[in-house]
Structure formats: C-alpha cells, structure tokens
Amino acid sequence: MRLSLLLSLVITFGSGNCLSCPSLLAEESGASTQETRPRETRPSWYLGRQIAPTMSADGAEWLIRKSRVREEQPRKLLEALQIKRGQQVCDFGCGNGYHTLPLAREVGPRGKVFAVDIQQEMLDLLDARAQPRGLENIEPVLATLTDPKLPRRQLDMVLMVDVYHELFQPPVILQAIHASLNEKGRIVLVEFREEDPAVPIRPLHKMSQSQVMKEICANHFKLVGQFDGLPWQHVLFFARDDSPLPEKQLVPWQSEESAQAAPSTTKESSAETAVDKQEN
Ligand SMILES: C[S@@+](CC[C@H](N)C(=O)[O-])C[C@H]1O[C@@H](n2cnc3c(N)ncnc32)[C@H](O)[C@@H]1O
C-alpha cells in the first residue's frame, strides 16, 4: 500500500463523514442557508485541508437553481471539456445530473456517461430528469465512500464539479480514478476559487489552485491543461503520470484587477492557452 494511501486511512479512519447539508453559499450572499441535517462534528483532513461534509440530497434543488447558469456558465465549461461523440465519460459525484444530461447529449447515443454518486436519492432524482428527455446513454452507479465502481482503463474523462473537496478519502478515490482512465483520459476538477474573496461560497467548499495541485499530483497525476474562463471556478485538467499527454505548467490565477495591471496574463489569454492545452 502506498504511503500516501496509508496515511490517509490513518488520518480519516473512523471520522464518520455524515451526510450533512450546509448550503454551500456563504451567508453574506443572501441565499438560503437552511440546514436539513446536522453538520459534521468530527472534521478530517488531507494534506493540510479540512475535508468538507457531503452535500445531502435534501438540498438537491439548489443544484438546479436558475442563477447557476449565470454563476457557473455550464455551457462554457462544456465547450472547454472538448468532449467527442462516442466517448465514455464519468460525471463523478453527479448529484441530480446538472452536468450529466449535457454530457450525455455531447457524447451521443454511441457514447456513455457513468453517473456516479454515493446517494441513491441523487441517482433517483437524476433518473427522473433523464427519462423524460429520452437520454438512454447514462449508467447510474451507486458508489461507496471508498469505491466508485468504475470500469478499468476505459474512461476518456472523469468530471468532478464541486465534488473533490468533499471526498472522504481522496487518495483512495484518486487511485480508483487513475485505474479507470485510458491512456489519454483526463480527470477534470472544477472547484470554487479559494483565492477569490468575491466568490460567495463557504471557505470549506472552496479550493486554491495550489492545494488542488498538491493533492492531485501527490497521487500519480500530472497537470495537462487549465481553463480560467469561468466566473467563480477553477478548471484543472490532469492525466495519469504515465500518459503521453504533455505536462503543463500551472498559470496562477489572477484577480481582474491584477490581470489588468499585468496585461500579458489576462483571464482571456490564459483561457485561450487552456484550449490549446486541450488539443494536445
Ligand atoms: C455539491 S454536490 C455536486 C453535484 C454535481 N456535481 C453538480 O455539480 O451539480 C456533490 C455530490 O458529490 C457526491 N459525493 C460526495 N462524495 C462522493 C464520493 N466519494 N463518491 C461519489 N459521489 C460523492 C455527493 O453525494 C453529492 O451528490
């Protein structure tokens, strides 16, 4: 067993990551902060980061709120993913399928989306949204906290939107995802920017670029791309460290103000770089 995995098991063992439902929005945003289950009382940590509690299916409506289109620009994200027809992809921690349905349309009838979640209620809600739309290329997968039950060496992409920071045992899951990706397969982390105080999300549900890099690269992945064109979120692409995809240097995120002060690294220019990176 790898040392990182062993350490993680020791750190998190027995910490009982109960399914609590804090609204992810920071209170100052004025959004609902209603709680439907008790908060996690025994925090667990990974590489200096406190792991967030799992968002309960009781709050699933929040995932399909209208304002999400403006806040997260999912169409822009989908374009940045550069998915091809016929691909096999995974929406990891799919919830009620906010991204699963567009992914299913994007890969088309010959492709497949593995929709993975640990909550059967989320998968039921996803099914209720997919059925009327006639999407038959979605395979729901009820995972456990330590086993996402993914196929081996098969996936072109594993998308994790607002999920990674809640994983109970990150190294265990990353090992499983590593084994599920094909040679050029990518894992894509989409996380609210910790560096940006203007993003109205609770700190526990945000991640910095450097923390993402530290955790993912410690688990046999390398950075192969990034997309900085979303309003609130980092989008970082990783591949297995034995993948033929070339490794890329991280372009540190900058606020609008500092980007304007240094025009060579504006948001737009780094977004274009990211698209280039995807084409490799
Ligand atoms: C904040 S929600 C995000 C849902 C969806 N990705 C979206 O953007 O709408 C996080 C989801 O990840 C799921 N989740 C948490 N830990 C998981 C794990 N170890 N394996 C699979 N799903 C997990 C939760 O059950 C929840 O549905």
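The shell around the ligand is made up of 15 nonpolar, five polar and three charged residues. Of these 23 residues, Leu 63, Gly 93, Gly 95, Tyr 98 and Val 161 come nearest to the ligand. Please keep in mind as you read on that this is a predicted model.

Let's step back to the whole chain. It holds nine helices and ten strands, and 41% of its 280 residues count as buried. Among contacts between residues at least 6 apart in sequence, 69% join residues at least 24 apart.

Now for the interior. In soluble globular proteins, nonpolar side chains tend to be buried together. Here the largest nonpolar core has 65 residues, and Val 158, Leu 159, Met 160 and Val 188 have the most contacts inside it. Strand β6 (residues 155-161) provides the largest share of this core, with six residues. What does Leu 159 touch, leaving aside its neighbours within four places in sequence? Its contacts include Leu 81, Val 89, Cys 90, Asp 91 and Phe 92, and also His 99 and Val 188.

Cys 90 leads us on to a pair of strands. Its bridge partner in β4 is Phe 114, and strand β3 (residues 88-92) pairs with β4 in the parallel sense over five bridges. Is β4 enclosed or open? Six of the six residues of β4 (residues 112-117) are buried, so this strand is largely enclosed by the rest of the structure. The table shows how both of its faces are covered.

| Face of β4 | Buried residues |
|---|---|
| One side | Lys 112, Phe 114 and Val 116 |
| The other side | Val 113, Ala 115 and Asp 117 |

Helix α7 (residues 209-217) makes a nice case to look at on screen. Its buried residues are Gln 209, Val 212, Glu 215 and Ile 216. Seen down the axis of α7, they fall within an arc of 135°, so they line one face of the helix. What do these buried residues pack against? Their partners are helix α6 (170-180) and the strands β1 (45-46), β7 (181-193), β8 (206-207), β9 (221-227) and β10 (233-240).

Strand β9 is also home to Phe 227. Why does Phe 227 count as buried? The reason is that Phe 227 has 26 C-beta neighbours inside 10 Å, and 20 or more are enough for a residue to be buried. Phe 237 is ten residues apart from Phe 227 along the chain, and their C-alpha atoms are separated by 8.3 Å.

Conventions. Residues numbered from 1 in each chain as written. Predicted model: local features only at pLDDT ≥ 70, side-chain atom pairs only at ≥ 80, totals over all residues. Near = placed C-beta within 6 Å. Nonpolar A, V, L, I, M, F, W, Y, C, P; charged D, E, K, R; others polar. Core = buried A, V, L, I, M, F, W, Y, C linked by C-beta atoms within 7 Å. Buried ≥ 20, exposed ≤ 12 C-beta atoms within 10 Å, placed from the backbone. Helix = DSSP H or I, 4+ residues; strand = E, 2+ residues; numbered from the N terminus. Contact = placed C-beta atoms within 7 Å. Arc of directions from axis to C-beta. Pairing = 2+ DSSP bridges.
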